[in-house]
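Reader: I have just opened this one and I'm new to it. Could you walk me through the reasoning behind the labels?

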Amino acid sequence: MPKLFIPGPVQVSEKTFRAFCQPMIGHRSGDFKKLYERIHARLQTLFGTKQPVFLSTSSAWGVMEGSIRNLVGTGKVLNCMCGAFSDKWFDVSKKCGKDAVSLQVEWGQPIRPEAVRDALKAGGFDAVTLIHNETSTGVMSPLAEIAAAVREFPDVMLIVDSVSSFSAMPIPMDELGLDVLLTGSQKALAMPPGLALFSASERAIARAEQVKGRGYYFDFIEFKKNAAEFMTPSTPSISHIYALESKLDDIFTEGVESRHARHAENNALVHEWVKARGLDFFAPEGFRSKSLTCVANNLNIDVAAMLKVLRDKHDIVLDGGYGKLKGKTFRISNMGDETPGTMRALLMALDSALAALPAAAN
Ligand SMILES: *Cc1c(COP(=O)(O)O)cnc(C)c1O
């Protein structure tokens, strides 16, 4: 199988797969509770929270929709939109029957704290949705500044998606005053898809208790009640939780800060390559993701041809741009288990693929 350098799902290690394949246990058994308990303190450390961390057997979207259903009552939700995932959150809010207001910026631009503050001044908001690292555009919005702006409005909940940035850099949930921090398994955590992790502030739980129509599967109150006994509301993907334990062993053996530093180093290597080849970044300086790079195709490379060479000759899969950015950009992930060594190998393969393209396209 070719190696994935797409920004999700990313390459999963043999070790993680082996952990995934351990024998089943009952999800109400003492063995399961011990498993959840064993991973819980480390999850709290990664989330930067004293609150319980919940395990949802769903992709991230389950919790993204669930956050809307739990925290938005009759008030409005402000959806900060700057790319494919954050734009979709607005549609999802409307599909949940909520009064959704869009704060749209051009793809490639970050969300600015002043814009969030200005929008919230209209009043009547229950929550804000924000994607920390917009995977489709490679843009990272300034989370701490945005969180501080939202905190000026005491009744407004801040829901943050960290699907492609979680554990790649510090996101201290309690310190930043985030109300929900959520992530998925198959991107920054380099696990198979199918599990989402999240935590909710005390205020968020108190809000959820007041909101009608939370449903069952993603009901935060159910998660909270069950997590108090190290259980989940329904039968979870136990295999994923085994894989998560293995991944946490990896993360804490490496050291959380070393993991962050490795991601920064991986990312810097890609940045150097982009500059050295005369390419541009899709995201402005200061707002570039640390876990992937969205390269602007200013050199008019035949991206489809380049991807084909990478796949056929180098056994590497790269992404050729999300949705309307197809061909105009390509994205290089440095998430998960990648190292400076594997990133250098990728960049060499990219050089060789570019050299193999017809000169006119170069
Ligand atoms: C991939 C992604 C999602 C969606 O994840 P699913 O696993 O498909 O639900 C949401 N947000 C961001 C930032 C993503 O990169």
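Reader: Which residues does Thr129 touch, not counting residues up to four places away in sequence?

Author: Before I list them, note that this is a predicted model. Thr129 touches Ile68, Val77, Leu78, Asn79, Cys80, Trp89 and Ile159. Thr129 itself has its place in strand S5, residues 125–131.

Reader: What makes Thr129 buried or exposed?

Author: Its relative accessible area does. Buried means under 20%, and Thr129 has 0%, so Thr129 is buried.

Reader: Let me step back to the whole chain. How do you know whether the radius of gyration agrees with a compact globule?

Author: You set it against a rule based on chain length. A compact globule of 362 residues would have a radius of gyration near 21 Å, and the protein chain has 20 Å, so the value agrees. Along the principal axes, the C-alpha trace spans about 65 × 55 × 35 Å.

Reader: What else can you tell me about the chain as a whole, such as how many helices and strands there are?

Author: The protein chain has 13 helices and 14 strands. Of its 362 residues, 60% count as buried. Among contacts with a separation of 6 or more, 72% are between residues 24 or more positions apart. The accessible surface comes to about 14,300 Å², and carbon and sulfur atoms account for 54% of that. As for charges, there are 41 positive and 40 negative ones, and their mean positions are 3 Å apart.

Reader: Now to Asp179. Why does Asp179 count as buried or exposed?

Author: The cut-off for buried is under 20%. Asp179 is at 1% relative accessibility, so Asp179 counts as buried. Asp179 sits in the loop between helix H7 (173–176) and strand S9 (180–184).

Reader: Which side chains make a polar contact with the side chain of Asp179?

Author: Arg151 is one, at 3.1 Å. Ser201 is another, at 2.7 Å. A polar contact needs a pair of N or O atoms within 3.5 Å. Leaving aside neighbours within four places in sequence, Asp179 is also in contact with other residues, including Val156, Met157, Leu158 and Met173.

Reader: How do you know whether Asn300 is buried or exposed?

Author: Exposed means over 50%. Asn300 is at 61% relative accessibility, so Asn300 counts as exposed. Asn300 is in the loop between strand S12 (292–296) and helix H12 (303–314). Measuring nothing by hand, just reading C-alpha positions: Asn300 and Phe252 are 48 residues apart in sequence and 42 Å apart in space.

Reader: What about Asp315, and why is Asp315 given the label it has?

Author: Partly exposed covers the range between the 20% and 50% cut-offs. Asp315 is at 46% relative accessibility, so Asp315 counts as partly exposed. Asp315 lies in the loop between H12 and strand S13 (316–317).

Reader: What is there to say about phi of Asp315?

Author: Most residues other than glycine have a negative phi. Phi of Asp315 is near 55°, a positive value in a residue other than glycine. Ala190 also has a positive phi, of about 55°, although it is not a glycine. Ala190 is in the loop between S9 and strand S10 (196–200), and with a relative accessible area of 0%, Ala190 is buried.

Reader: Which form does the peptide bond from Gly8 to Pro9 take, cis or trans?

Author: That bond is cis, with omega near -10°. Most peptide bonds are trans. Pro9 has its place in the loop between strand S1 (3–4) and helix H1 (14–20).

Reader: Why does Pro340 get the label buried or exposed?

Author: At 15% relative accessibility, Pro340 is under the cut-off of 20% and so counts as buried. Pro340 lies in helix H13 (residues 340–356). Not counting residues up to four places away in sequence, Pro340 touches Arg262, Glu265, Asn266 and Leu269. Pro340 and Asn267 are 73 residues apart in sequence, with 8.8 Å between their C-alpha atoms.

Reader: And what makes Phe330 buried or exposed?

Author: Phe330 is at 0% relative accessibility, so Phe330 counts as buried. Phe330 is found in strand S14 (residues 329–333), and the residues in contact with Phe330 include Trp273, Leu279, Thr293 and Cys294.

Terms used
Residues are numbered from 1 along each chain as its sequence is written. This is a predicted model: local features need pLDDT of at least 70, side-chain atom pairs count only at pLDDT 80 or more; totals for chains, interfaces and linings use all residues. Side-chain values use heavy atoms; hydrogens and water are left out. Helices (H or I, at least four residues) and strands (E, at least two) are DSSP runs, numbered from the N terminus. The radius of gyration is taken over C-alpha atoms; the globule rule is 2.2 Å times the number of residues to the power 0.38. Buried means under 20% relative accessible area, exposed over 50%, partly exposed in between (1.4 Å probe, protein chains only). Contact means heavy atoms within 4.5 Å. Accessible areas come from the Shrake-Rupley method with a 1.4 Å probe; for residues, only the protein chains shown count as cover. Lys and Arg count as positive and Asp and Glu as negative; His and the chain ends are not counted. The place of a charge is taken as NZ of Lys, CZ of Arg, CG of Asp or CD of Glu. A polar contact is a pair of N or O atoms within 3.5 Å; within protein, one must be able to donate a hydrogen and the other to accept it, and residues adjacent in sequence count only if both atoms are side-chain atoms.
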